[in-house]
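Visitor: Please take a close look at one part of this model and explain how that part is built and what surrounds it. I would be grateful for the criteria behind each term as it arises.

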Amino acid sequence: MNKPLFNEFDAVSAKQWKQKIQFDLKGTDYNDALIWNTNHDISVKPFYHSEDFKTPPTIPNTKATEWKICETIFVADTQKSNLKAIDVLNRGAESIKFVLPSEDIPISDLLQNIDTGTTTIHFELEFISTDFINNLLEVSANSENFHIENDIIGNLAKTGNWYKNLKDDFAKFNTNVNKTDSFTVDISLYENAGANIIQQLAYGLAHANEYLNNLNSVTKKINVNFKMTIGSNYFFEIAKLRAARLLWGVLAKDYNINTNCQIFAIPTKRNKTIYDYNTNMLRTTTECMSAVLGGANTICNLSHDVVYQKSNEFGDRMARNQLLILKNESYFNKVYNPADGTYYIEHLTNQFADKALILFKNIEANGGFLSQLKEGTIQRKIKESAHKEQQQFENQEEILVGTNKYVNPNDKMDENLELYPFVKHKKRKTLIEPIIPKRLAETLEQKRLNNES
């Protein structure tokens, strides 16, 4: 069969498709019936055509065949964390993320019997320290698989304070970046607090730009890591990751630095629930699928009970197995870049990138990201977006099955809570208003819990 298929059929233009749809609507207005507007001020059409694109976006380094399964381990006990890491690596994990609350943790003990030559290790530091980085680099002298996550602006946004002060934090940050040739930008905070996709992308880009503006020197080999959360709007989240790479490529080109970036993806907590908690598995499955197709380098799943229970073997195993099924049984690692040429996703990618770039330029024209954080502009905009989404949830325009629709009245959770699943209020002095993550279902869940007693 050397002849191309379907040559006997005439090409169908976008205009012809629209006329056919309009005929089938039998008088109903095409725009009113089939075009819907999103919270991102994007009009979504019922179909897309090659005529919608002059040139498709070129997304740098999207390799859906190379994503790694990661497991996050909070290091409270060095020996237990080491044994857990070895265990999960033997059971399918390909990468480990250690969350380190203190610089007193002995790294050599933490990494004992772990093959750091073949295993990628992420270190998320909840502190800023040049001495610790020096010790870590000594251990990793023969390994290129260490990724050190230190985000001082992310810490400021999350806590409202610097680790020490602006001058000291940036001095240590500069030293660490010069040694590691990398830095991390945590975008996940903005999404978990209610920012829409345009805001997430623009704030992440402006966040990164603050670092580039304040670094003593920026070399071409610098590596930038974006930590991003993934929501349940399947195609939108695929496009979001692609747009993030596109935007970073534009910014990096202006600085004449590495246009490639690393994306560490994790499902959002914003749509997770304590009631009918097994639906969280469905949510995280599609979210991880979006992460793969969007081109994430590393994916770390959340357990279905992460909101209300401590880390446990069953929850961790189920979360890891979801990724193993996607990779080994659903073959989500076989196509190099499956989203290429998908008109709908390409359109969303362009729209997200264009609108985020406009917002980014506005932030820069008004003093930059740090300035707008200090003024409270970023916080206010995220609150406005979160409030709009919350209203949609309460009006059942945004559905969380088992929580605000198809509710099981016999579902009781009061005795199952090991963790406090709601926003904690603790009065403390801060330099700026912190950005507070909050789940959509919190208020409704609190009412149901009160009615159980």
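Guide: Two strands are said to pair if DSSP finds at least two bridges between them. The strands themselves (E, at least two residues) and the helices (H or I, at least four residues) are DSSP runs, numbered from the N terminus. The model is predicted, so local features need pLDDT of at least 70 and side-chain atom pairs count only at pLDDT 80 or more, while totals for chains, interfaces and linings use all residues. Residues are numbered from 1 along each chain as its sequence is written, and side-chain values use heavy atoms, with hydrogens and water left out.

The part chosen here is the open sheet. Eight strands form it with parallel pairing, in the order β6-β5-β4-β3-β10-β9-β8-β7. At the edges stand β6 and β7 (182–186), each with a single partner strand, so one side of each has no neighbour in the sheet. From one strand to the next, the twist averages 25°; axes are lines fitted to C-alpha atoms, for helices over the stretch in contact, and angles run from 0 to 180 degrees between N-to-C directions.

Consider the β7 edge and the strands that follow. Five bridges in the parallel sense pair β7 with strand β8 (residues 223–230). Within that pairing, T184 is opposite N225 of β8, and V185 is opposite F226 of β8. On its other side β8 is joined to β9 by seven bridges, again with the strands running parallel; there F226 faces I263 of β9. In a regular strand the side chains alternate between the two faces of the sheet. Seven of the eight residues of β8 are buried, so the strand is mostly covered; buried means under 20% relative accessible area, exposed over 50% and partly exposed in between (1.4 Å probe, protein chains only).

The strands β8 and β9 also carry helices. Helix α10 lies across β8 and β9 (261–267), at about 160° to β8. Helix α11 (residues 279–294) lies across β8, β9 and β10 (298–300), at about 170° to β9. Contact, here and below, means heavy atoms within 4.5 Å.

At the β6 edge, E149 belongs to strand β6 (residues 146–149). With 9% relative accessibility, E149 counts as buried. Beyond residues up to four places away in sequence, E149 touches K97, H122, F123, E124, L125, T184 and F264. One of these contacts, T184, is the residue that stands opposite N225 in β8.

Helix α10 leads on to the nonpolar packing. A nonpolar core is a set of buried Ala, Val, Leu, Ile, Met, Phe, Trp, Tyr and Cys residues joined through side-chain atoms within 4.5 Å. The largest such core has 80 residues, and those with the most contacts inside it are F183, W248 and F352. Helix α10 (residues 234–255) gives the most to this core, with eleven residues. A second, separate core of 22 residues includes A85, V88, I121 and L136. As for F352, its contacts outside the neighbours within four places in sequence are H40, I42, I197, I198, L201, F236, A239, K240 and A243.

The edge strand β7 also serves as part of the cover of helix α7. The buried residues of α7 are D168, D169, F170, F173, N174, N176 and V177, and what covers them includes α5 (130–139), α6 (152–159), β7, α9 (197–214) and α14 (369–375). The expected span of a helix is 1.5 Å times one less than its number of residues. For α7 (residues 166–180), with 15 residues, that gives 21 Å, which agrees with end C-alpha atoms 21 Å apart.

Helix α6, in that cover, contains L156. L156 is buried, at a relative accessible area of 2%, and touches N161, W162, L370, L373 and I432, not counting residues up to four places away in sequence. L156 and L431, 275 residues apart in sequence, are 8.6 Å apart in space, C-alpha to C-alpha.

Beyond strand β10, the loop leading to α12 (313–328) holds H304, which is buried because its relative accessible area is 7%. Setting aside its neighbours within four places in sequence, H304 contacts Y277, N278, N280, M281, F314 and G315.
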